[in-house]
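Here's a walk through one structure, strand by strand and then salt bridge by salt bridge. Have a look at it first, then read on.

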Amino acid sequence: QVFRYNAFGNINYSIGNFTAGFRYESYNPALIGYLPGYNGSGIPYRFARYKHKDIDITVGNFYEQFGSGITLRAYEDRGLLYDNALDGMRVIFTPKKGITLKGLVGKQRTFFTLSPGVVRGFDGELNVTELFDSIFKNSKTKVIIGGSFVSKYQQDQNPSLELPENGASSGGRF
């Protein structure tokens, strides 16, 4: 091929508390250095999101990170040729300033398809500095306590090895 290109375009729409959008991507053929899975054109990323006061619900594709990202980090970095968005549902609940609870379920993106495994996760975070802002009013120190649990279920289809179908990871942070 004499001519190669990578292109993408995001279309987002917002009205009040509702946001929806999609991303069109095209790799025809992909630039040299990209993995062979990046080939063709399509809409691998689309979402609908409703956010109101203490609740934030996303259906479709989303990126998420629990804490520093050790137990879960779904993100995109075009410079690294990396995009592992989750496709499913995420709920973020903030019942009070300084308390955040997140729950999600979905499948990871693999080029223009989804991986066969199902990722489920829960994260809770207590920002003591925000929760007791009257005490920490002039403090430059932030105190945050959190914990996460993530599991991935994928059916074992290996004919010669017996592989675990469910893997889990958990972590705490201070």
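What follows covers strand pairing, a few turns and individual residues, and then the charged pairs.

A quick word on ground rules: this is a predicted model, where local features need pLDDT of at least 70, side-chain atom pairs count only at pLDDT 80 or more, and totals for chains, interfaces and linings use all residues. Residues are numbered from 1 along each chain as its sequence is written, and side-chain values use heavy atoms, with hydrogens and water left out.

**Strands and their partners**

Strands here (E, at least two residues) are DSSP runs, numbered from the N terminus. Two of them pair if DSSP finds at least two bridges between them. Let's start with E9 (residues 86–96), which runs antiparallel to E10 with 9 bridges joining the two. Within that pairing, valine 91 has glycine 103 in E10 as its bridge partner. The hairpin of E9 and E10 has 2 residues between the strands, and glycine 98 takes a positive phi there, near 105°.

E10 also pairs with E12, again in the antiparallel sense, over 8 bridges. Lysine 102 sits opposite aspartate 123 of E12. Moving on, E12 pairs antiparallel with E13 (residues 144–153) over 10 bridges, and glutamate 125 stands opposite glycine 146 in E13. E13 in turn is joined by 8 bridges to E14 (residues 166–173), also antiparallel; there, serine 148 has glycine 171 of E14 as its bridge partner.

E10 has a further antiparallel partner in E11, over 2 bridges, with arginine 109 bridged to leucine 114 in E11.

**Two positive phi values outside glycine**

Most residues other than glycine have a negative phi. Phenylalanine 111 goes the other way, with a phi near 55°. Its place is the loop between strand E10 (99–110) and strand E11 (113–114), a hairpin with 2 residues between the strands. Phenylalanine 111 has a relative accessible area of 25%, so it counts as partly exposed (buried means under 20%, exposed over 50%, partly exposed in between, with a 1.4 Å probe and protein chains only).

Lysine 53 also has a positive phi, near 45°. Lysine 53 lies in the loop between strand E3 (40–52) and strand E4 (55–62), and at 77% relative accessibility it counts as exposed.

**Valine 118 and threonine 71**

Valine 118 belongs to strand E12 (residues 118–127) and is partly exposed at 26% relative accessibility. Setting aside neighbours within four places in sequence, valine 118 is in contact (heavy atoms within 4.5 Å) with Val105, Gly106, Lys107, Ser151, Lys152 and Tyr153. Its C-alpha atom is separated by 23 Å from that of glycine 146, 28 residues apart along the chain.

Threonine 71 is in the loop between strand E5 (64–65) and strand E6 (73–74), and is buried at 15% relative accessibility. What does its side chain join up with through a polar contact? The partner is the side chain of serine 148, at 3.2 Å. (A polar contact is a pair of N or O atoms within 3.5 Å; within protein, one must be able to donate a hydrogen and the other to accept it, and residues adjacent in sequence count only if both atoms are side-chain atoms.) Beyond four places in sequence, the contacts of threonine 71 include Phe66, Val150 and Gly171.

**Charged pairs**

Side chains of opposite charge can pair when their charged atoms come close. The structure holds 14 salt bridges (a side-chain nitrogen of Lys or Arg within 4 Å of a carboxyl oxygen of Asp or Glu). Among them are these three:

| Pair | N to O distance |
|---|---|
| Aspartate 87 and arginine 46 | 2.9 Å |
| Aspartate 83 and arginine 109 | 2.6 Å |
| Arginine 173 and aspartate 123 | 2.9 Å |

Take the aspartate 87 pair: aspartate 87 lies in strand E9 and arginine 46 in strand E3, so parts 41 residues apart in sequence are tied together. Aspartate 87 is buried at 17%, while arginine 46 is partly exposed at 38%.

In the second pair, aspartate 83 is buried with a relative accessible area of 10%, and arginine 109 is buried at 6%. Both residues belong to a salt-bridge network with Arg23, Glu25, Glu76 and Arg78.

In the third, arginine 173 is partly exposed at 21% and aspartate 123 is buried at 2%.

Technical notes
Helix = DSSP H or I, 4+ residues; strand = E, 2+ residues; numbered from the N terminus.
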